[in-house]
Amino acid sequence: MIAILKHFIFLLILLRNTAKGSPQKMPENKDKAGSKLGPDEISQRIMADINTGVLRRGEWLKQIDLERRYGCTRVKVRDALTYLHSKRLVEHIQNRGYRVPDPNPVREKQIGEVRALLESHVAADVLEQATPEDVIRLRELAEAFRDAAYNGTSFSQIEANYAFHSLLYGFCRNEVMRELILDLRQLGPAAPVGQWQTVAQLQRATQDHFDIVDAIEQHDLTLLRRRIAAHISGETQPSENSHDA
């Protein structure tokens, strides 16, 4: 197992050093005056069309077509695509343009396996380091994600999910491992165009966050590791008691 983990970590480091066009830290989109731009109307309309299937997986997003579809300027379209790419909601292929993500199930499964190894390993640090106040804050962030899931946009869901996991894995003592975990979470399309394709999947992710917090509160390492792994794989968890046998 250790040999496999070392191999995956080596491949990830190699990927980080050689990948082009794959965002590590999301760049801020700013207007000419330097003000940070959020998701404007065009970004939200493109995202809505992706979610409803009007813009299909793998479809190229030609700026001239989007300009006509949404009745806006080319600059507006370009700004919207730049913003969506910064959030991993569309892909940018160098010298070709933007397209709707077309997830690779095999690659996503492999990334999930590595994530499960790393994130389950960090569970011990979480239980050692998290204070009662931290548990309260994690529960607040889980509630914020639930609110975004039911009442917010894809953009607010991404931000709420990132906030929850950033605090959770901030307890990792090993800085390199923490960086690898956060980098792995950035590979592939963002959840709204990846694993949150249905209402049921979004509801399950919401419940997973609360289940993880419950396991931390119970100080149950085995249960926490299992819930983290289930959250990554997207598997529905069976009914459980507070502690494992």
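**Exercise 1: A pair along one helix**

Glu140 has a relative accessibility of 39% in this predicted model; find its class, and then find which residue forms a salt bridge with Glu140.

*Solution.*
Step 1. The partly exposed class lies between under 20% (buried) and over 50% (exposed). Glu140, at 39%, therefore counts as partly exposed.
Step 2. Look for a partner of opposite charge. Side chains of opposite charge can pair when their charged atoms come close. For Glu140 the partner is Arg137, with 3.3 Å between the closest N and O atoms.
Step 3. Check the partner in turn: Arg137 has a relative accessible area of 41%, so this residue is partly exposed too.
Step 4. Now see where the two sit. Both belong to helix 6 (residues 132–151), and because they are three residues apart there, about one helical turn separates them.

**Exercise 2: A pair across the sequence**

Which parts of the chain does the pair Asp125 and Arg173 tie together?

*Solution.*
Step 1. Start with the atoms: the side chains of Asp125 and Arg173 form a salt bridge, at 3.6 Å from N to O.
Step 2. Place each residue. Asp125 belongs to helix 5 (residues 105–129), while Arg173 is in the loop between helix 7 (154–169) and helix 8 (175–185), so the pair joins parts that are 48 residues apart in sequence.
Step 3. Compare the surroundings. Asp125 is buried at 14% relative accessibility, whereas Arg173 is exposed at 53%.
Step 4. Widen the view: a network of salt bridges links Asp125 and Arg173 with Glu128.
Step 5. For context, a search of the whole structure gives 12 salt bridges. One more to find on your own screen is Arg74 with Glu67, at 2.8 Å from N to O. There, Arg74 is partly exposed at 32%, and Glu67 is partly exposed at 24%.

**Exercise 3: An acidic residue and its surroundings**

Is Glu119 buried or exposed, and what does its side chain make a polar contact with?

*Solution.*
Step 1. Find Glu119 in helix 5.
Step 2. Read its relative accessible area, which is 1%, so Glu119 is buried.
Step 3. Follow the side chain of Glu119 to the side chain of Tyr169, where the polar contact is 2.6 Å.
Step 4. List the contacts, leaving aside neighbours within four places in sequence: Tyr169, Ile181, Arg185, Ile228 and Ile232.

**Exercise 4: The nonpolar cores**

Which residues touch the most other members of the largest nonpolar core, and which helix gives the largest share of this core?

*Solution.*
Step 1. The largest nonpolar core has 32 residues, and Phe164, Leu168, Ile216 and Leu224 touch the most other members.
Step 2. Two or more residues come from each of helix 5, helix 6, helix 7, helix 8, helix 9 (199–218) and helix 10 (221–233). Helix 5 gives the largest share, eight residues.
Step 3. Zoom in on Leu168: apart from neighbours within four places in sequence, its contacts are Val126, Leu138, Ile212 and Ile216.
Step 4. Do not stop there, as a second, separate core has 20 residues, including Ile50, Leu55, Leu66 and Ile158.

**Exercise 5: Confidence in the model**

What is the mean pLDDT of the protein chain, and how many contacts beyond near neighbours in sequence does the stretch 17–37 have?

*Solution.*
Step 1. The mean pLDDT is 83, and 78% of the residues reach 70 or more.
Step 2. Residues 17–37 have a pLDDT below 50, and this stretch has 26 contacts beyond near neighbours in sequence.
Step 3. Residues 241–245 are also below 50, with 10 such contacts in the model.

Notes: Residues numbered from 1 in each chain as written. Predicted model: local features only at pLDDT ≥ 70, side-chain atom pairs only at ≥ 80, totals over all residues. Heavy atoms only, no water. pLDDT = per-residue confidence, 0-100. Contact = heavy atoms within 4.5 Å. Salt bridge = Lys/Arg side-chain N within 4 Å of Asp/Glu carboxyl O. Buried < 20%, exposed > 50% of the residue type's maximum accessible area, 1.4 Å probe, protein only. Helix = DSSP H or I, 4+ residues; strand = E, 2+ residues; numbered from the N terminus. Polar contact = N/O pair within 3.5 Å; in protein donor to acceptor, adjacent residues only side chain to side chain. Core = buried A, V, L, I, M, F, W, Y, C linked by side-chain atoms within 4.5 Å.
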